[in-house]
Amino acid sequence: MNIRTIIVDDDLNSRRSAAAALSNESDFIIASECEDSDQLKEVLKRMPADLVILDIELDQESGFEVASWLRDEYPEIMVVFLTGHSSYAIDGYDFHPVDFLTKPINPLKLEHTLSEIRRRMEKKNTQQEARLLFRTADGYRLIDVRDICYVERNNRRNWIHTENETIRITNDTMRGIEDMLSPHGFMLVHQSFIVSLYRITAVRDAGRQLYEAAVRGSDKSVPISRNRYEELMEALRRINVK
């Protein structure tokens with residue numbers, strides 16, 4: 001298991017220190033080092049990440065602002081705050097980080113934090129890492145469930161929507177498809193839509209007791225049935241979405 005890590009700190013020596021602290025942890029891969037949120041955003045456009053180690057006191061902005069943006073755009077990425085002042089931890093808990101590390105990094109504290117990160121990664125991988133075989137008009141197609149944004153039934157046909165393509169599948173019922181996908185973090189939120197819980201970035205009130213979910217990787221909002229709203233919110237809480 002490789003944990004792709006990005007360090008965000010405007011101080012070069014602090015970045016080097018954080019990278020050195022992880023140098024003996026073979027499962028933590030330093031994917032990039034960034035000075036600010038602009039660099040971080042460019043990096044995340046090019047590569048995925050599992051963890052961001054984020055300095056709270058950046059030169060031009062607050063690390064809390066960056067954490068807020070990460071929570072909205074990449075809610076699956078874990079955040080560990082790095083700070084020179086432990087008093088910041090009180091405010092930082094609003095962003096639900098894995099932990100806080102105080103400079104200079106204490107090795108015992110670091111090991112506790114890394115253990116928690118590994119535990120969360122193992123849980124996430126167990127739930128999501130799989131390729132499933134779907135029937136198509138041409139035969140069969142293996143699809144990585146992590147690539148699926150949502151499944152839609154439209155005009156009596158079923159469609160899988162990923163970030164890059166839409167695939168027509170010939171599996172018969174949405175309930176049958178949900179049975180395949182639910183062990184991997186998917187939920188039937190409407191009679192015509194199954195969505196990845198890990199890709200939901202917002203749940204909005206659409207009026208008249210109707211709701212919709214914004215889904216990372218798609219420009220389309222997914223409708224949520226009224227009788228599924230509470231069940232959806234509980235499912236999000238179970239996967240540590242606050």
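In the predicted model, strand β8 (residues 148-154) runs antiparallel to strand β12 (residues 193-196), and three bridges join the two. Within this pairing, Tyr150 stands opposite Val195 of β12. The two strands belong to an open sheet of five strands, arranged in the order β10-β9-β8-β12-β11 with antiparallel pairing. Its edges are formed by β10 (166-169) and β11, each of which pairs on one side only. From one strand to the next, the twist averages 25°. Strands of a sheet pair through backbone hydrogen bonds, in either a parallel or an antiparallel sense.

Helix α6 (residues 174-181) lies across this sheet, spanning β8, β9 (157-162), β10, β11 and β12. The direction of α6 is at about 165° to that of β8. Edge strand β11 comprises residues 186-190 and includes Leu188. Leu188 has a relative accessibility of 5% and therefore counts as buried, the cut-off being under 20%. Beyond its neighbours within four places in sequence, Leu188 is in contact with Met174, Arg175 and Glu178, as well as with Phe193, Ile194 and Arg228. The first three of these names fall within the span given for α6, residues 174-181, while Phe193 and Ile194 fall within that of β12, residues 193-196. By contrast, Glu61 is separated from Leu188 by 127 residues in sequence and by 40 Å in space, C-alpha to C-alpha.

Several further antiparallel pairings were identified. Strand β6 (residues 131-136) pairs with strand β7 (residues 139-144) over six bridges in the antiparallel sense. Leu132 stands opposite Ile143 of β7, and the hairpin that joins β6 to β7 passes through two residues.

Strand β14 takes part in two pairings. With strand β13 (residues 200-207), β14 (residues 210-215) forms an antiparallel pair over six bridges, in which Arg204 stands opposite Glu212 of β14. Two residues lie between the strands of this hairpin, where Arg208 adopts a positive phi near 55°. The other partner of β14 is strand β15 (residues 222-224), and this antiparallel pairing extends over three bridges. Here the bridge partner of Ala213 is Val222 in β15. The hairpin of β14 and β15 has six residues between its strands, and Gly217 in the turn shows a positive phi of about 95°.

Aromatic contacts were also examined, and the structure was found to hold five aromatic pairs. In one of them, the rings of Phe64 and Phe81 have centres 5.3 Å apart and planes at 85°, so the pair is classed as edge-to-face, for which the planes must be over 60 degrees apart. This pair links distant parts of the chain, 17 residues apart: Phe64 is located in helix α3 (residues 63-73) and Phe81 in strand β4 (residues 78-83). Both Phe64 and Phe81 are buried. Together with Phe100, Phe64 and Phe81 form one aromatic cluster. An aromatic ring is also involved in an arrangement with a charged group: the charged end of Lys41 sits over the ring of Trp69, at 5.1 Å from the ring centre.

Technical notes
Residues numbered from 1 in each chain as written. Predicted model: local features only at pLDDT ≥ 70, side-chain atom pairs only at ≥ 80, totals over all residues. Heavy atoms only, no water. Pairing = 2+ DSSP bridges. Helix = DSSP H or I, 4+ residues; strand = E, 2+ residues; numbered from the N terminus. Buried < 20%, exposed > 50% of the residue type's maximum accessible area, 1.4 Å probe, protein only. Contact = heavy atoms within 4.5 Å. Phe/Tyr/Trp six-rings, centres within 6.5 Å; stacked < 30°, edge-to-face > 60°. Lys NZ or Arg CZ within 6 Å of the ring centre and 35° of its normal. Axes fitted to C-alpha atoms, helices over the stretch in contact; angles between N-to-C directions.
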